[in-house]
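Let's take a guided walk through this protein together. Keep the structure open beside the text and pick out each residue as it comes up.

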Amino acid sequence: MRRSTLWLAAAATVAFVSAGAAQAANVDMAAAKKEGKVTWYTSTPIKTAQKIADAFEKQTGIHVELFRSGGSAILRRFMQEHTSGLNAADVMTTSDPANSNKLAAQGVFVPFKPDNFDKVPDGAKDSNGAWVAQRLNMMVIYVRSDQVSAADSPKTWTAATDPKYKGKLAMTDPSFTSLQLMVVSTLSGKFGWDYYKKLKANDIMIVQSNQQVLDTIKRGERPIALGALDSYAAVARKQGHKIHSIYPADGTFIIPSPTAVIKGSPHPNAAKAFANFMLSDTAQKLFPANGGYSARVDIGPPADSPALKDVKPMPVDYDQIEKESVSVKRQFNEIFQ
């Protein structure tokens, strides 16, 4: 079955209606507390990740060993360990639904449906529970509004190729950031690689992470972030920075961040307890409080951000991305080397 973000158009236009109380997740808390530790590989923004880890440890007494990096870096580390027969991670959260679907099909994850699994849209989870979204990522265009006026800002992805934006753009590297891989794979398929050649001609700056893009914008080195994570911009706005987000008229990327329990991990019960906590009210409300979108449809958007029903989604074909990810990264690097 081909999987895409087309579900968002439907999910965003109807309210979630529970079919009854969800069945409690199968978690042996006594065994989890006896294990006493859970190792979490994650691409969650570091401050939010630490808040989740601290809240879980306070509630359960189970220590969270946190390894945080970009989504692609997380997957590389995990796959290196996995192929060598080492399972160090108990739970993994990435921003790569394409790769998560592949690993789920290979039986790498433990099928597990946490409490509140029913409140996550179908397109943001594996139907058998191999993974479920921790959050929804909005990939947008954002600008320094004191340097680029609303009238002069690019309103679509293709508008960014206009020569008037030469030397003003910054974006992340899809070899480091899984979210950008979703964007580059989709836009290169939609517009052709000439799109990225035009961005190269516009002297776009390439950095590794979404934090680096934001820092570049905040310092005024480049006033426009292209295909960047909106939650970073939202936090900056709360801090008083003049940053305005644009939800492109030709479609915004709304990408789930899969969380999965790793089969054969060292702390299997603590892993389930932590994965269950990830969809709790405590954890999920942290995302809108920190400028992001919850995975659950019963929790509203962040302040001053549109509801999902008001955002036009860009369709993303995860099956196709999984097949072409290596070639996409290679082609991108050839253009921007």
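What follows goes from the nonpolar cores to two helix pairs, and then to a few residues in loops. Please bear in mind that this is a predicted model.

A good place to begin is the interior. In soluble globular proteins, nonpolar side chains tend to be buried together. Here, the largest nonpolar core has 58 residues. If you would like to find its middle on screen, try Y142, W157, L187, Y196, L199, L226 and F253, the residues with the most contacts inside this core. Which strand gives the most to it? That is β5, covering residues 132-144, with nine residues in the core. There is also a second core, separate from the one just described; it has 25 residues, and A25, A32, A270 and M278 are among them.

Two of those names, A270 and M278, take us to the first helix pair, since both are part of the contact between α3 and α10. Helix α3 spans residues 46-60 and helix α10 spans residues 268-278; their axes come within 11 Å and cross at roughly 115°. The crossing of these two helices is right-handed. On the α3 side, the residues to highlight are I52, A55, F56 and Q59. Facing them from α10 are A270, A273, F274, F277 and M278. Sorted by class, this contact of α3 with α10 has eight nonpolar residues, one polar residue and no charged ones.

Now turn to the second pair, α8 (residues 210-219) and α9 (residues 230-238). Their axes come within 9 Å and cross at roughly 40°. Is that parallel or oblique? Angles under 35 degrees would count as roughly parallel, so at roughly 40° α8 is oblique to α9. The crossing of α8 and α9 is right-handed. From α8, the contact uses N210, Q211, L214 and K218, while α9 brings Y232, A233 and A236. By class, this contact of α8 with α9 has four nonpolar, two polar and one charged residues.

Next come two serines in loops. S175 lies between β6 (169-172) and α6 (178-191). Is S175 buried or exposed? Buried means under 20% relative accessible area, and S175 has 19%, so it counts as buried. Leaving aside residues up to four places away in sequence, S175 touches S72, R76, K329 and N333. The other serine, S265, is in the loop between β10 (253-262) and α10, the helix we met in the first pair. S265 is also buried, with a relative accessible area of 10%. With the same residues nearby in sequence left out, up to four places away, S265 touches N87, A89, D90 and A271.

Finally, have a look at two backbone angles. Most residues other than glycine have a negative phi. N116 is not a glycine, yet it has a positive phi of about 75°. You will find N116 in the loop between β4 (109-110) and β5, the strand that gives the most to the largest core. At 16% relative accessibility, N116 is under the 20% cut-off and therefore counts as buried. D203, again a residue other than glycine, has a positive phi near 60°. D203 sits in the loop between α7 (194-201) and β7 (205-207). Its relative accessibility is 40%, so D203 counts as partly exposed.

Terms used. Residues numbered from 1 in each chain as written. Predicted model: local features only at pLDDT ≥ 70, side-chain atom pairs only at ≥ 80, totals over all residues. Heavy atoms only, no water. Axes fitted to C-alpha atoms, helices over the stretch in contact; angles between N-to-C directions. Helix = DSSP H or I, 4+ residues; strand = E, 2+ residues; numbered from the N terminus. Left-handed = near helix turned anticlockwise from the far one by under 90°. Contact = heavy atoms within 4.5 Å. Nonpolar A, V, L, I, M, F, W, Y, C, P; charged D, E, K, R; others polar. Core = buried A, V, L, I, M, F, W, Y, C linked by side-chain atoms within 4.5 Å. Buried < 20%, exposed > 50% of the residue type's maximum accessible area, 1.4 Å probe, protein only. Parallel < 35°, antiparallel > 145°, perpendicular 65-115°, else oblique.
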